[in-house]
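Before reading on, please take a moment to look over the sequence and the model side by side. The report below moves from one helix to the domains, and then to the surroundings of the ligands.

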Amino acid sequence: MTAQLIDGKAFAATLREKVADHVAHLKRTHGVTPGLAVVLVGDDPASQVYVRSKQTQTLVAGMHSYEYTLPSETSETDLLGLIRELNADPDVHGILVQLPLSDHIDEASVIESIDPAKDVDGFHPVNVGRLATGQTTLVPCTPMGCLMMLREYGGRLTGQHAVVIGRSNIVGKPMAQLLLRENCTVTVAHSKTVDLASLVNRADIVVATVGRPHFVQGEWLKTGATVIDVGINRIDQGDDTTRLVGDVDFDTAKDIACAITPVPGGVGPMTIACLLANTVTACCRQLTLPEPVGLTV
Ligand SMILES: NC(=O)C1=CN([C@@H]2O[C@H](COP(=O)(O)OP(=O)(O)OC[C@H]3O[C@@H](n4cnc5c(N)ncnc54)[C@H](OP(=O)(O)O)[C@@H]3O)[C@@H](O)[C@H]2O)C=CC1
Ligand SMILES: Nc1nc(=O)c2c([nH]1)NC[C@@H]1CN(c3ccc(C(=O)N[C@@H](CCC(=O)O)C(=O)O)cc3)C=[N+]21
Ligand SMILES: [Mg+2]
């Protein structure tokens with residue numbers, strides 16, 4: 001058996017079209033252009049690539065992109081000052097501070113300083129709490145993208161046993177909340193989990209967000225499982241080039257799973273498309289305009 005490939009790249013392109021359509025509609029009918037501010041502290045090359053990609057796609061969708069690249073030695077006070085200005089700026093509807101931040105900056109303080117209404121990452125404790133209590137919120141982009149793909153490719157989610165491997169605040173925990181909301185039975189695994197292989201073997205849905213290349217083995221999987229691979233691991237090829245691989249051993253998993261996301265071209269592109277979607281949603285809510293259909297989960 002060979003699994004169906006879940007084409008995140010194509011799915012994301014379709015979602016970006018919907019975003020662009022709604023942006024055009026907002027301009028035409030209300031003279032409003034949604035704006036996203038992206039803040040990058042430091043010069044991490046991988047972060048620079050993501051941030052550039054976010055900016056380009058924001059502009060292609062017809063939105064305003066405000067870019068702030070700050071030197072790595074920027075103080076927490078200065079960063080908080082910038083966020084205060086962005087919170088107060090009516091042209092900015094979404095704010096994203098690229099993580100991780102350097103050690104001299106307290107991540108929690110920075111996240112809490114963002115206006116929850118503009119928190120398009122969905123990381124603010126108010127939005128985390130709203131998700132956990134079933135209220136309207138801004139949903140973190142990576143798990144949101146994963147859920148959109150699962151709804152399309154994972155069959156009826158109600159009653160399925162989902163195993164989320166990883167408990168990060170940005171992926172694992174919100175993913176578990178979303179799957180619970182879909183009436184899945186959710187197990188969250190982590191580095192202290194005992195006998196992960198046999199746990200995974202009982203999962204109808206596996207979401208891997210571990211950060212270890214080829215970690216989940218095909219032989220762990222139950223036949224016919226749906227597999228979402230969040231991992232982004234850069235592997236040295238030994239010849240000065242690198243290759244991007246996920247947290248799932250794709251070559252063995254594809255013969256057991258029913259559907260699987262590739263890396264690259266799976267969760268990554270969906271994450272950025274969901275960021276654009278959240279920016280439009282945030283804009284509409286701030287201006288009390290009708291919410292677009294199909295841009296939220
Ligand atoms: N495609 C995308 O859009 C995105 C991709 N990523 C990628 O996803 C991956 C995970 O990122 P993130 O969620 O931030 O991860 P973190 O590094 O914050 O957390 C990793 C999690 O994996 C768990 N873990 C580590 N080792 C094991 C093990 N041997 N067995 C079981 N669990 C283990 C950790 O457990 P413990 O808590 O006990 O330490 C932790 O909960 C990375 O490759 C990252 O680059 C991240 C965000 C977005
Ligand atoms: N505040 C904040 N919000 C984030 O959402 C956030 C963050 N910080 N820090 C880093 C992680 C990681 N992340 C990715 C987004 C897109 C791809 C992506 O587009 N990946 C492409 C490949 C890109 C490449 O070639 O490097 C793919 O998988 O096909 C990957 C990873 C968002 N994150
Ligand atoms: Mg830090």
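The expected span of a helix is 1.5 Å times one less than its number of residues. The model shown here is a predicted one, and in it helix 3, which runs over residues 76-88 and has 13 residues, reaches 18 Å from its first C-alpha to its last, close to the 18 Å expected at 1.5 Å a residue.

Which residues of helix 3 are buried? They are Leu 79, Ile 83 and Leu 86, and because these residues cover an arc of only 60° around the axis, they lie on the same side of helix 3. Thr 77, Gly 81, Glu 85 and Ala 88, by contrast, are exposed on the other side of the helix. The cover over the buried residues of helix 3 includes strand 2 (35-41), strand 3 (64-70), strand 4 and helix 4 (107-113).

Turning to the overall arrangement, the protein is divided into domain 1 (30-115) and domain 2 (141-269), and the centres of these two domains, taken over C-alpha atoms, are separated by 28 Å. Both domains take part in the shell around ligand 2, since at least three of its residues are drawn from each of domain 1 and domain 2. The elements that give two or more residues to this shell are helix 2 (45-60), strand 4 (94-97), helix 6 (141-153) and helix 10 (267-286).

The table sets out the shells around the two ligands.

| Ligand | Residues around it | Closest residues | Classes in the shell | Largest share |
|---|---|---|---|---|
| Ligand 1 | 25 residues | Gly 166, Ser 168, Ser 191, Gly 211 and Thr 271 | nine nonpolar, 13 polar and three charged residues | helix 10, three residues |
| Ligand 2 | 19 residues | Leu 99, Pro 264, Gly 265, Gly 268 and Thr 271 | twelve nonpolar, six polar and one charged residues | helix 10, four residues |

Thr 271 is named among the residues that come nearest to ligand 1, and Thr 271 is also listed among the closest to ligand 2.

A last residue to consider is Asn 169, which lies in the loop between strand 5 (161-165) and helix 7 (172-181). Is Asn 169 buried, exposed or partly exposed? With 15 other C-beta atoms within 10 Å, Asn 169 is partly exposed, because a residue counts as buried if 20 or more such atoms lie within that distance and as exposed if 12 or fewer do. Asn 169 and Val 128 are 41 residues apart in sequence, while in space they are 9.0 Å apart, C-alpha to C-alpha.

Technical notes
Residues numbered from 1 in each chain as written. Chains lettered and ligands numbered in written order. Predicted model: local features only at pLDDT ≥ 70, side-chain atom pairs only at ≥ 80, totals over all residues. Near = placed C-beta within 6 Å. Nonpolar A, V, L, I, M, F, W, Y, C, P; charged D, E, K, R; others polar. Domains from an automatic or database assignment. Arc of directions from axis to C-beta. Contact = placed C-beta atoms within 7 Å.
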